[in-house]
Amino acid sequence: KKKKKKKKMKKVIIGTLIGIIAIVMMISETKAAYCHGKPHDGAHPNTTPLYTKPPTYVKSTKNGHYYTVGEGDDMYDVIHVYGTPYEMGYAQGQLMKEKLRVFLPAIFDYLQEEIGSNIPKNIPEWLRKYIAEYGLDVALDMTYELVRFYTNEKIFEEMKGLADATGIDYYMIRRIHLIGELTQGKCSMMGAWGEATEAGKTIQLRAFDWDVKGPFKNYPSVTVYHPNEGNGHPFINIGFVGFVASFSGMSSEGLGISEIGIYYPDESFGGESRIGNAFVFLLRDILQYDQTLDDSITRMATTRRTCDLALGVGDGKLGTFRGFAYSHDSFQVLDDINAKPKNDSWHPPIKNVYYLGMDWLCPPYNLRLGEQIKKYHGKINPEVMMQQVVPMTTTGNLQVSIYDLTEQVAYVSYARGDNEDGPAYAYDRRYIRIDTKQLWNVTKPAL
C-alpha cells in the first residue's frame with residue numbers, strides 16, 4: 001500500500017510540475033544579458049600528432065562488433081550495431097555490458113548530487129528547489145511526459161534493448177537520456193565552405209563544452225549505426241557508451257550536426273517550452289533519416305521545438321553549411337549573409353562561413369573565434385582547426401569533433417579521463433582520425 005501511495009503521489013507531483021512548467025516556459029522573458037565567460041588566458045596551439053591508424057577489433061555478437069581506436073591515454077570505443085532499433089540497443093548492451101553497468105548508474109548518482117546547478121536558471125528559483133526536493137527522477141520523468149508524444153518511439157525501443165541486454169533499469173536509462181533537455185551545455189560551432197576553405201571543401205566544427213567533473217569523460221565512444229532497411233541509413237553517434245541520443249555525429253549521406261545551448265539569447269528567440277521534441281532526439285533523426293540539408297531544415301521548421309538553441313547542419317554533397325537560431329517561438333536560418341547575431345564589432349560576417357562561440361550574446365568567444373577564422377580564411381582545413389582555431393578559442397572542453405564532410409572524415413578528441421595523463425581538456429589533447437567511409441562498409445557479423 002505504501003508503494004502504491006508513493007507511486008500515486010509521484011504521479012500527482014509530476015502532473016503538477018508539468019502544468020506549472022508548461023505555463024512558466026511559455027512566457028517570454030526579457031532577453032538582453034550577455035555571457036560572462038571568455039577564452040582562457042594562456043591559450044596555445046595544439047601540436048599533438050594526429051592518430052591515424054584504423055580501429056582494432058575486440059569482439060562480436062549477433063548484431064554488433066566492438067573495436068577500439070587510439071593508444072595510451074587517447075583511446076575510445078568504436079561500436080557497430082545492426083538491425084531493428086531493439087536489436088541495435090541489445091547489441092550495444094551485450095558488447096558493453098560491463099562498462100554500462102558502472103557508467104549509467106554513475107551518471108545518475110552524479111547528476112543527483114549536482115541537481116541544484118543543473119535545473120535551468122530560467123525556471124523560477126522556488127520551482128527549482130521543488131524539483132530538487134522531490135528528486136532528479138521526478139524532474140526527468142516529467143520531462144519524458146512533456147516530450148514523448150513528439151519523439152520518434154523507435155528511440156525508446158532501442159533503450160529497451162539496451163536495458164534487456166544489461167539488466168539495467170529501463171527507466172534509469174530513459175531518464176539519463178533526457179538530461180540534455182534540462183542542461184543544454186555551452187558549446188561552439190562553425191561551418192566553412194567554398195572560398196573559406198582549402199580546396200573548397202566543407203569543414204564543420206562541433207565543440208562540446210559540458211561537464212568535465214562527472215563520469216562522462218571516462219566512457220568516450222563512437223557508435224556506428226547500420227539500421228535495417230526502411231529505418232534510415234548508416235551514421236555515427238560521437239558521444240559516450242550507451243548514449244543513443246545525439247550530441248555530435250555524421251551520416252553516410254554527408255550530413256554533420258552541431259549544437260549550442262543558448263543561455264543568453266536576444267529577443268528574436270521569443271519564449272521557450274519544455275513540451276515538444278527533445279533536441280537530442282531531433283539531432284539523432286537528422287543523422288539517421290535526412291538525406292540533404294533541406295530535409296533537416298524542414299524537420300526543424302515543422303517539429304514542435306522546445307528550448308533555446310543554436311544548431312548547425314553541414315552538407316558535404318551540397319558543399320555548404322547552415323546555422324539555426326532555434327526556439328519554441330522562432331526558427332531562423334543563418335549563413336554568411338544572414339549572420340546573426342548582428343554585431344560588426346564582435347560577430348562580423350565572414351564570407352562562406354557561419355560561426356558562433358559558446359553562446360548567442362557572448363562577445364569574448366565570438367570575437368576570438370571570428371579572429372581565428374579570418375586569420376586562416378581560404379586555408380581552413382581540419383589541421384588548421386585542430387592546431388589553431390579550436391585551441392586558441394579554448395572551446396570544446398569535453399569533446400571536439402571536426403568534420404571534413406567532403407571527404408567524410410571525422411577528427412575527434414575527448415577530455416582527459418580519471419587516471420589519465422596529459423592536458424585536461426579535449427581541445428588540447430590528441431585527435432583521432434575516423435574514416436567514416438570505411439565504417440559504413442563494415443559488414444554484419446556472420447554468427
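**Exercise 1.** Find what covers the buried residues of helix 12, keeping in mind that this is a predicted model.

*Solution.* Start with the cover: it includes strand 4 (188–192), strand 13 (353–357) and helix 13 (382–393). Next, pick out what lies beneath. The buried residues in helix 12 are Pro363, Tyr365, Asn366, Leu369, Gly370, Gln372 and Ile373.

**Exercise 2.** Check whether the length of helix 12 (residues 363–375) fits 1.5 Å a residue.

*Solution.* Take its 13 residues; the expected span is 18 Å. Now look at the end C-alpha atoms: they sit 18 Å apart, so the two values agree.

**Exercise 3.** Work out where Leu367 sits and whether it is buried, partly exposed or exposed.

*Solution.* First, place it: Leu367 belongs to helix 12. Then go to its relative accessible area, which is 33%. Buried would need under 20% and exposed over 50%, so Leu367 counts as partly exposed. Finally, check its company. Leaving aside residues up to four places away in sequence, Leu367 touches Ser345 and Trp346. Asp344 is 23 residues away along the chain, and its C-alpha is 9.8 Å from that of Leu367.

**Exercise 4.** Decide how the buried residues of helix 3 are arranged around its axis.

*Solution.* Begin with the helix itself: residues 97–113, 17 in number, reach 25 Å from first C-alpha to last, close to the expected 24 Å. List the buried ones: Leu100, Phe103, Leu104, Ile107, Phe108, Tyr110 and Leu111. Looking down the axis of helix 3, these fall within an arc of 165 degrees, so they line one face. Here's the general idea: an α-helix has 3.6 residues a turn, so residues three or four places apart point the same way. Last, turn to the face away from the buried side of helix 3, where you'll find exposed Glu98 and Glu113.

Definitions and conventions:
Residues are numbered from 1 along each chain as its sequence is written. This is a predicted model: local features need pLDDT of at least 70, side-chain atom pairs count only at pLDDT 80 or more; totals for chains, interfaces and linings use all residues. Side-chain values use heavy atoms; hydrogens and water are left out. Helices (H or I, at least four residues) and strands (E, at least two) are DSSP runs, numbered from the N terminus. The expected span of a helix is 1.5 Å times one less than its number of residues. Buried means under 20% relative accessible area, exposed over 50%, partly exposed in between (1.4 Å probe, protein chains only). Contact means heavy atoms within 4.5 Å. The arc is that of the directions from the helix axis to the C-beta atoms.
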